[in-house]
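Grab a pencil and work through these short exercises with the viewer open. Try each task before you read its solution.

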Amino acid sequence: MLERVVVPSRLSLIQRGRQTLGYNPDLNTWERLAEDTAEVLRWLRAGRERTGLAQHLARRFGYTSGGATERLDQILKWCVLRFLLYLEREPVIRPGPPGPRSPIAVYWIATQA
């Protein structure tokens with residue numbers, strides 16, 4: 001599955017303290033990420049060599065080799081189901097026709113700070 005996933009071109013990872021949120025603005029999907037999930041998305045978004053990802057998870061989080069491969073597969077499936085990753089290709093998302101004076105995009109991020 002690792003070789004089939006595609007990172008959305010506008011995927012954002014927002015970190016505050018130890019908590020990371022994954023955001024796909026094309027579909028307006030937000031997800032709270034586990035630390036290892038955030039690490040996988042950072043790795044893929046940076047375009048690093050995918051064959052080293054399971055080994056990196058094993059080193060970084062103390063997984064066994066088999067455990068890292070299994071956890072990586074779980075993470076990838078979870079991310080695809082929540083539209084933080086796509087399979088095979090990024091879909092073409094066509095915006096609806098703009099009305100008179102309607103905004104093209106609105107981003108509103110509220111924090112406790």
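**A helix across a sheet**

H1 lies across S2, S3 and S4, and runs at about 135° to S2. Keep in mind that this is a predicted model.

**Exercise 1.** Work out how the strands under discussion are arranged: in which order do they form the open sheet?

*Solution.* Start with the order, which is S2-S3-S4, with antiparallel pairing. Next, look for strands that pair on one side only: these edge strands are S2 and S4. From one strand to the next, the twist averages 25°. Now zoom in on S3 and S4, which pair over five bridges. As an example, Leu-21 has Arg-32 in S4 as its bridge partner.

**Exercise 2.** Find out how many residues of H1 are buried.

*Solution.* Go along the helix, residues 35-45, and count a residue as buried if its relative accessible area is under 20%. You should end up with eight of the eleven, so H1 is mostly covered. Among them are Val-40, Leu-41, Trp-43 and Leu-44. Then check what the buried residues pack against: strands S1, S2, S3 and S4, plus helices H2 and H3.

**Exercise 3.** Decide about Asp-36: is this residue buried or exposed?

*Solution.* First, place Asp-36 in H1. Its relative accessibility is 6%, so Asp-36 counts as buried. Next, list its neighbours further off in sequence, leaving out residues up to four places away: Leu-57, Phe-61, Tyr-63, Arg-71 and Ile-75. Finally, check for a polar contact: the side chain of Asp-36 makes one with the side chain of Arg-71, at 2.6 Å.

Technical notes:
Residues are numbered from 1 along each chain as its sequence is written. This is a predicted model: local features need pLDDT of at least 70, side-chain atom pairs count only at pLDDT 80 or more; totals for chains, interfaces and linings use all residues. Side-chain values use heavy atoms; hydrogens and water are left out. Helices (H or I, at least four residues) and strands (E, at least two) are DSSP runs, numbered from the N terminus. Buried means under 20% relative accessible area, exposed over 50%, partly exposed in between (1.4 Å probe, protein chains only). A polar contact is a pair of N or O atoms within 3.5 Å; within protein, one must be able to donate a hydrogen and the other to accept it, and residues adjacent in sequence count only if both atoms are side-chain atoms. Contact means heavy atoms within 4.5 Å. Two strands pair if DSSP finds at least two bridges between them. Axes are lines fitted to C-alpha atoms, for helices over the stretch in contact, and angles run from 0 to 180 degrees between N-to-C directions.
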